[in-house]
Amino acid sequence: MRSTSKPQAGEGWQRAHSAEQKEQRREAILGAAAELFRERSMADISIGEVAERAGLAKGSVYRYFSTKEEVFLALFLQALGAWFDEVMPLLRGLGRDTSPNDVAALVVRTLAPREPMLRLLASNSCDIEQNLSLEAARASKRWELEHIVLAGEAFEAALPALPEGGGVRAILRLGALVSGLWPMGHPVGPMKKVLAAPKMAPLRVDFYGELEASFGALLAGMCRAS
């Protein structure tokens, strides 16, 4: 009798052997995770769901990533690298009369279409970095060191009044601002309902507006102090 059962995820896949096949498999995993992350929070996504969305067996995912958090760390670094690739040439192309507020406006304008990356950044230290292998943690910080130093140089080119090394510090502080302001600007659960009341308007936070104002003030202070 012919079986009518539905094929299980990964039944049609052969194990990847070449470097190209492995990279394709890794990208399929990251693409599946990105799709799921657009639908719900990282906490509500399992490795099994990522594997199913990618069309892989669950065990295949663990050949590339030790934990779910490592999947989302890779997704975050991929998105961060794409943002650096966009923003660095724009910073270097700014004129001599560029102000800290101009730089802050440019930064926020380029960040605004990258909401998934901002969500991951906001949860990086408290969620993602808590469950990584030592190897993954070291690799991520080596990547950040290389890329943030280069991006920092672009910030210093845009604002020559920044102190030496100030570009790196500005990027790290930008990350802290995003991490702090994101949950304030995107309340969830009962707090979202409470803050929707008209009398609570003074406590509501416009994330992008506050980020631009705060980062502009931070850059101005760094320039004055140098």
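In the predicted model described here, the side chains of R40 and E49 meet in a salt bridge, with a nitrogen and an oxygen 2.6 Å apart. R40 counts as partly exposed, because its relative accessibility is 26%, and E49 falls into the partly exposed class as well, at 28% relative accessibility. Side chains of opposite charge can pair when their charged atoms come close. A further salt bridge joins the side chains of R53 and E35, where the distance from N to O is 3.2 Å. This pair links distant parts of the chain, since R53 belongs to helix 2 (residues 47-54) and E35 to helix 1 (residues 19-39), the two being 18 residues apart. R53 is partly exposed at 35% relative accessibility, and E35 is partly exposed at 34%. These pairs do not stand in isolation, for E35, E39, R40, E49 and R53 are linked in a network of salt bridges.

A search of the whole structure finds 7 salt bridges, and one of them has a local character, being formed within a single helix. K141 forms a salt bridge with E144, the closest N and O atoms lying 3.1 Å apart, and both residues are part of helix 7 (residues 134-158), where they are separated by 3 residues, or about one turn of the helix. The surroundings of the two partners can be described separately: K141 is partly exposed, with a relative accessibility of 42%, whereas E144 has a relative accessible area of 12% and therefore counts as buried, the limit for that class being under 20%.

The protein is divided into domain 1 (14-65) and domain 2 (68-225), and the centres of domain 1 and domain 2, taken over C-alpha atoms, are separated by 26 Å. The contact takes 17 residues from domain 1 and 12 residues from domain 2. Between them, domain 1 and domain 2 bury about 1300 Å², and 76% of this area is on carbon and sulfur atoms. The count of salt bridges between domain 1 and domain 2 is 0.

Two annotated stretches from UniProt can be placed on this division of the chain. The unreviewed UniProt entry lists residues 46-65 as "DNA-binding region"; in the model this span is 60% helix and 0% strand, and its end C-alpha atoms lie 13 Å apart. An annotation from UniProt, also from an unreviewed entry, reads "domain: HTH tetR-type" and covers residues 23-83. Over residues 23-83 the chain is 74% helix and 0% strand, with 21 Å between the end C-alpha atoms.

The nonpolar interior was examined next. In soluble globular proteins, nonpolar side chains tend to be buried together. The largest nonpolar core has 62 residues, of which V71, F72, W83, L211 and F215 touch the most other members. The elements that give two or more residues to this core are helix 1, helix 2, helix 4 (68-92), helix 5 (100-111), helix 6 (115-123), helix 7, helix 8 (166-185) and helix 10 (207-225), and helix 4 gives the most, with 13 residues. Because domain 1 and domain 2 both give residues to this core, the core lies between them.

Individual residues and elements illustrate how this packing is built up. Leaving aside neighbours within four places in sequence, F215 is in contact with A104, V107, F155, A170, L174 and L177. In helix 6, the buried residues are M117, L118, L120, L121, A122 and S123, and these buried residues pack against helix 1, helix 4, helix 5, helix 8 and helix 10. V87, which is found in helix 4, counts as buried because its relative accessibility is 1%. V87 and E146 are 59 residues apart in sequence, while in space their C-alpha atoms are 16 Å apart.

Technical notes:
Residues numbered from 1 in each chain as written. Predicted model: local features only at pLDDT ≥ 70, side-chain atom pairs only at ≥ 80, totals over all residues. Heavy atoms only, no water. UniProt positions renumbered as here; feature names shortened; annotations may be inferred. Helix = DSSP H or I, 4+ residues; strand = E, 2+ residues; numbered from the N terminus. Salt bridge = Lys/Arg side-chain N within 4 Å of Asp/Glu carboxyl O. Buried < 20%, exposed > 50% of the residue type's maximum accessible area, 1.4 Å probe, protein only. Core = buried A, V, L, I, M, F, W, Y, C linked by side-chain atoms within 4.5 Å. Domains from an automatic or database assignment. Contact = heavy atoms within 4.5 Å. Buried area = accessible area lost by both parts, 1.4 Å probe.
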